[in-house]
Every structure is written in C-alpha cells, then in structure tokens.
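Colleague: I have a chain open on my screen and would like to talk it through with you. Could you take my questions in whatever order they come?

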Amino acid sequence: KCIKDGGGPGPFLQRLTNPDGYDQAVLKYMATENVSRMEAQGNMDAYFNNAADWAYQKMEEKRGAPKVDYTVLKPKQAILILTWAFFVVPFIGRVTFLIATSDSGWGVTLDQVFDFS
C-alpha cells in the first residue's frame, strides 16, 4: 500500500493552528532532502495527513518503489478539496456558530442550519 494524497483536514489544521511549526517542517525537509519548497510542502502535507503511511512510502521509495509526486493535483484530489472548501467547512462553521449563539445549544436542527433568514 502506498499513499497517493497529500491534502486534507490534517495539513489544513496544522497550517492554521501552527503556521510557524509547519513552515519550519517544510524548511527542514527542503534542507535535508534538497528539494523545492513545493515538493517539501507536498511531503509535509502528506505527513500531517497520515504520518505512518507517509513514512512507509518513503521507506518503500528507498527500496526502489516509484517516488510519489505530491506536487501534482489529481482530479479526485481537486474534487475532494472543493468539497471540503465549499460544503464541509462552511457546514461545520455554521453548526458551530449556531451552537455558540442560539438558545438551542447542542440541540441545533438541520432546519436551523439551512435557515439564513
């Protein structure tokens, strides 16, 4: 088994909550592996998405397996990214907003979530 994706909520949250740590990880990877920033970011995104699979892939690459190119955006990845960006994150944000501001608290219903009046 090898990983093919480098994105997802893990890297996004890492960049959001610890931007300096993320940047340092990218810079360290660039220096140790002598790669471009784009390749280093792709690898760090894959690492933060699933560290065990990323480490396994790197071990397999050292044994002669084809190198995974994390800089290429595949159509499946693009669809997943757009789904997260336009549906999942706004939905979670709306639910969180309603829990924090409405009288229903944790009893928020789907009708409330989709009622923007």
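Colleague: Let me start with one residue, then: where is Ser102 found?

Modeller: Ser102 is found in the loop between α5 and α6, where helices (H or I, at least four residues) and strands (E, at least two) are DSSP runs, numbered from the N terminus. Before we go on, please keep in mind that this is a predicted model, in which local features need pLDDT of at least 70 and side-chain atom pairs count only at pLDDT 80 or more, while totals for chains, interfaces and linings use all residues. Residues are numbered from 1 along each chain as its sequence is written, and side-chain values use heavy atoms, with hydrogens and water left out.

Colleague: Is Ser102 buried, partly exposed or exposed?

Modeller: Ser102 is partly exposed, with a relative accessible area of 22%; buried means under 20% relative accessible area, exposed over 50%, and partly exposed in between, with a 1.4 Å probe and protein chains only.

Colleague: And how far apart in space are Ser102 and Gln112?

Modeller: Their C-alpha atoms are 9.6 Å apart, with the two positions 10 residues apart in sequence numbering. For another such pair, Asn49 and Ser36 are 13 residues apart in sequence and 20 Å apart in space, again C-alpha to C-alpha. Asn49 is found in helix α3 and is partly exposed, at a relative accessible area of 33%.

Colleague: Stepping back, what does the secondary structure of the protein chain come to?

Modeller: It comes to 6 helices and 0 strands, so the pattern along the sequence reads α-α-α-α-α-α.

Colleague: What radius of gyration does the protein chain have, set against a compact globule?

Modeller: The protein chain has 18 Å, whereas a compact globule of 117 residues would have a value near 13 Å; the radius is taken over C-alpha atoms, and the globule rule is 2.2 Å times the number of residues to the power 0.38. The C-alpha trace spans about 55 × 30 × 20 Å along its principal axes. Of the 117 residues, 22% count as buried.

Colleague: What share of the contacts is long in sequence terms?

Modeller: Among contacts between residues at least 6 apart in sequence, 44% join residues at least 24 apart, with contact meaning heavy atoms within 4.5 Å.

Colleague: Changing topic to rings, how many aromatic pairs are there?

Modeller: The count comes to 5 aromatic pairs, where rings of Phe, Tyr and Trp (its six-membered ring) pair if their centres lie within 6.5 Å, and planes under 30 degrees apart count as stacked, over 60 as edge-to-face and the rest as tilted. One of them is Tyr22 with Phe48, a tilted pair at 6.0 Å centre to centre and 40° between the planes. That pair links distant parts of the chain, 26 residues apart, with Tyr22 in helix α2 (residues 19-33) and Phe48 in helix α3 (residues 37-49).

Colleague: How do Tyr22 and Phe48 rate for burial, and which cluster do they belong to?

Modeller: Tyr22 is buried, with a relative accessible area of 4%, while Phe48 counts as partly exposed at 24% relative accessibility. Another pair is Phe91 with Phe114, whose ring centres are 6.1 Å apart with planes at 35°, so this pair is tilted. Phe91 lies in helix α5 (residues 75-101) and Phe114 in the segment after α6 (110-113), so the pair ties together parts that are 23 residues apart in sequence. Phe91 counts as partly exposed at 35% relative accessibility, and Phe114 counts as exposed at 56%. As for the cluster, Tyr22, Tyr29, Tyr47, Phe48 and Trp54 form one aromatic cluster.

Colleague: Last one: what is phi of Asn34 near?

Modeller: Phi of Asn34 is near 55°, a positive value in a residue other than glycine. Asn34 lies in the loop between α2 and α3 and is exposed, with a relative accessible area of 71%.
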